[in-house]
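Please look over the sequence and the coordinates before reading on. The paragraphs below go from one buried position to the fold around it, and then outward to the surface.

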Amino acid sequence: MNDIRRISIFTDASFKSETRIAGTGVVIVDNNKTVAIRKFRTHGVLNIAHAELIGVLNGFEVLLGYIIDKKYKEKISIS
């Protein structure tokens with residue numbers, strides 16, 4: 001399995017119920033090398049679970065942009 005590129009998506013979110021504003025962070029790691037770090041602020045969030053889900057969606061968006069930018073033609077394992 002040495003020909004498979006391992007890319008990990010790490011996300012975290014915080015949520016303030018009074019304002020319904022969430023912050024999410026995304027880190028993309030490609031074969032043990034950090035290649036992207038992003039942070040997002042989102043309004044109108046329902047609860048912390050909603051904020052965490054938004055963080056995961058942001059993570060996939062960043063990953064997709066990274067893959068497209070790099071134009072990988074190899075096999076990719078996403079965890």
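Does Asp-30 count as buried or exposed? In this predicted model, Asp-30 counts as buried, because its relative accessibility is 4%, and the cut-off for that class is under 20%. The side chain of Asp-30 meets that of Arg-5 in a salt bridge, with 3.3 Å from N to O. The two residues are 25 apart in sequence and link distant parts of the chain, with Arg-5 in strand S1 (residues 4–16) and Asp-30 in strand S2 (residues 21–30). Side chains of opposite charge can pair when their charged atoms come close. By the distance rule applied here, the count for the model comes to one salt bridge. Asp-30 also takes part in the pairing of the strands, as the bridge partner in S2 of Ile-7.

The wider fold gives this pair its setting. The protein chain holds one helix and four strands, and from the N terminus on these elements follow the order β-β-β-α-β. S1 and S2 run antiparallel and are joined by 10 bridges, one of which can be followed from Ser-8 to its partner in S2, Val-29. The two strands form a hairpin with four residues between them, and within that turn Arg-20 has a positive phi of about 55 degrees. On the other side of the sequence of S2 comes strand S3 (residues 33–43), which also runs antiparallel to S2 and is joined to S2 by 10 bridges; in this pairing Ile-21 stands opposite His-43 in S3. S2 itself is mostly covered, since seven of its 10 residues are buried.

The turn between S2 and S3 deserves a separate look, as the hairpin formed by these strands leaves two residues between them. Asn-31 lies in this loop, and its phi is near 50 degrees, a positive value in a residue other than glycine. Asn-32 is found in the loop between S2 and S3 as well, with a positive phi of about 70 degrees although it is not a glycine. These values stand out because most residues other than glycine have a negative phi. As for their cover, Asn-31 is partly exposed, with a relative accessible area of 41%, whereas Asn-32, at 79%, is exposed.

From the turn, attention can pass to the interior. Which residues make up the largest nonpolar core? That core has nine residues in all, namely Ile-7, Ile-9, Val-26, Ile-28, Ala-36, Val-62, Leu-63, Tyr-66 and Ile-67. The elements giving two or more residues to this core are S1, S2 and H1, and H1 gives the most, with four residues. Ala-36, one of the core residues, is in contact with Val-26, Val-27, Ile-28 and Val-62 when its neighbours within four places in sequence are left aside. Another core, of five residues, lies apart from the largest one and has Ala-13, Ala-22, Val-45 and Ile-54 among its members.

The helix also has a side that is open to solvent-sized probes in the calculation, and here the nonpolar residues form a patch. Leu-53, Val-56, Leu-57 and Phe-60 make a nonpolar surface patch of about 360 Å². Leu-53 is found in helix H1 (residues 48–70) and counts as partly exposed, because its relative accessibility is 47%, while Val-56, also found in H1, is partly exposed with a relative accessible area of 34%. Leu-53 can further be placed against the N-terminal part of the chain through Asp-12, from which it is 41 residues apart in sequence and 9.5 Å apart in space, C-alpha to C-alpha.

Values for the whole chain complete the picture. Of its 79 residues, 30% count as buried, and the accessible surface comes to about 5,600 Å², of which 55% belongs to carbon and sulfur atoms. Among contacts between residues at least 6 apart in sequence, 51% join residues at least 24 apart.

Methods:
Residues numbered from 1 in each chain as written. Predicted model: local features only at pLDDT ≥ 70, side-chain atom pairs only at ≥ 80, totals over all residues. Heavy atoms only, no water. Buried < 20%, exposed > 50% of the residue type's maximum accessible area, 1.4 Å probe, protein only. Salt bridge = Lys/Arg side-chain N within 4 Å of Asp/Glu carboxyl O. Patch = residues over 30% accessible without salt bridge, like charges linked within 9 Å, V, L, I, M, F, W, Y side chains within 5 Å. Areas by Shrake-Rupley, 256 points an atom, 1.4 Å probe, with all protein chains shown as cover. Contact = heavy atoms within 4.5 Å. Core = buried A, V, L, I, M, F, W, Y, C linked by side-chain atoms within 4.5 Å. Pairing = 2+ DSSP bridges.
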